[in-house]
Amino acid sequence: MNDVRVLDNVAYSSLTGPHAGLAERRGRVVRYLADVAPFAALPDDPGPADWADLAALAAPGAVLPLADGDALRPPAPWEVVMRIGGVQMLGDAVAGRPDDSLVRLAADDVPEMLDLVARTRPGPFLPRTIELGTYLGVRRDGALIAMAGERLHPPGWTEISAVCTDPAWRGQGLAGRLVLALVAGITARGETPFLHAAAENVTAIRLYESLGFRLRRTPSFVAVRVPAGEPAEPVVAG
């Protein structure tokens with residue numbers, strides 16, 4: 001199995017690895033381009049200079065989601081505005097299943113994808129999120145009714161995310177088909193699938209367990225507010 005330690009600071013591993021070309025960086029701090037994904041990340045041992053660099057990557061008062069927030073203790077006057085429990089699950093034993101009935105989604109599909117996300121709320125999805133990896137969908141009578149795709153990409157691993165189905169079409173096993181098709185593509189590349197879910201989303205967790213995903217850890221998902229008055233400075237796009 002690929003080195004699982006990169007999942008301990010998963011957004012940082014992704015932004016400094018395979019997704020470096022979609023990152024803004026300052027010093028040791030990185031974040032996704034604003035229209036790609038909302039996540040920012042700090043190194044494992046952030047100090048005052050790192051928090052100052054993070055502030056410089058965003059507007060004063062902005063809220064930044066940090067995918068790995070268990071040990072983060074922002075210094076004053078930073079403010080934690082959200083902390084929720086989550087699960088990180090590994091798909092190293094999941095048997096993927098290609099599905100030719102699914103459609104590969106592209107940039108032209110983004111308006112429909114954004115509409116589906118707005119109605120189902122599977123998590124953050126922005127106009128350029130599709131650039132993070134493969135996205136598959138299900139169409140009925142031409143309309144996009146379900147989708148799932150790839151998000152964070154630490155070395156050797158690919159996160160499955162944005163798993164969602166229109167409420168009118170739930171209960172037909174569409175989410176499971178989408179996930180297994182993504183697993184097939186990920187493992188064909190020699191990578192290992194994983195995913196995250198809110199700990200309170202027991203329906204999704206039961207689905208993933210039924211497909212063969214197993215719990216690795218229970219991280220906290222944290223969002224912090226940039227102190228007001230911090231000066232914004234130019235950043236380098238990687």
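**Exercise 1. Find which residues make the nonpolar surface patch, and say which strand gives the most to it.**

*Step 1.* Start with the members: Val63, Val81, Met82 and Ile84 make a nonpolar surface patch of about 280 Å². Patches take residues with over 30% relative accessible area and no salt bridge; nonpolar side chains (Val, Leu, Ile, Met, Phe, Trp, Tyr) are joined within 5 Å, and like charges within 9 Å. The areas come from the Shrake-Rupley method with a 1.4 Å probe, and for residues only the protein chains shown count as cover.

*A word on the model.* You are working with a predicted model, in which local features need pLDDT of at least 70 and side-chain atom pairs count only at pLDDT 80 or more, while totals for chains, interfaces and linings use all residues. Residues are numbered from 1 along each chain as its sequence is written, and side-chain values use heavy atoms, with hydrogens and water left out.

*Step 2.* Now look at strand E5 (residues 79–90), which gives the most to the patch, with three residues. Strands (E, at least two residues) and helices (H or I, at least four) are DSSP runs, numbered from the N terminus.

*Step 3.* Ile84 sits in strand E5. Its relative accessibility is 37%, so Ile84 counts as partly exposed. The classes are buried (under 20% relative accessible area), exposed (over 50%) and partly exposed in between, with a 1.4 Å probe and protein chains only.

**Exercise 2. Describe how helix H4 and helix H5 pack.**

*Step 1.* Helix H4 (residues 174–188) and helix H5 (residues 202–211) pack at an angle of about 50 degrees, and their axes are 11 Å apart. Axes are lines fitted to C-alpha atoms, for helices over the stretch in contact, and angles run from 0 to 180 degrees between N-to-C directions.

*Step 2.* Next, name the arrangement: H4 and H5 are oblique to each other. Angles under 35 degrees count as roughly parallel, over 145 as roughly antiparallel, 65 to 115 as roughly perpendicular, and the rest as oblique.

**Exercise 3. Work out where the partners of three salt bridges lie, and whether each is buried or exposed.**

*Step 1.* Side chains of opposite charge can pair when their charged atoms come close. Here a salt bridge is a side-chain nitrogen of Lys or Arg within 4 Å of a carboxyl oxygen of Asp or Glu. The whole structure has 18 salt bridges.

*Step 2.* Take Asp45 and Arg28, whose side chains meet at 3.0 Å, N to O. Asp45 lies in the loop between strand E3 (40–41) and helix H2 (48–56), and Arg28 in the loop between strand E1 (23–26) and strand E2 (29–32), so the pair ties together parts that are 17 residues apart in sequence. Asp45 is exposed at 51%, whereas Arg28 is partly exposed at 37%. A network of salt bridges links Arg28, Asp45 and Asp50.

*Step 3.* Move on to Asp166 and Arg119, which form a salt bridge at 2.5 Å, N to O. Asp166 is in the loop between strand E9 (157–165) and H4, while Arg119 is in helix H3 (residues 110–120), 47 residues apart. Asp166 is buried at 15%; Arg119 is partly exposed at 39%.

*Step 4.* Finish with Arg189 and Glu150, a salt bridge whose closest N and O atoms are 3.3 Å apart. Glu150 is buried at 5%, and Arg189 is partly exposed at 41%.
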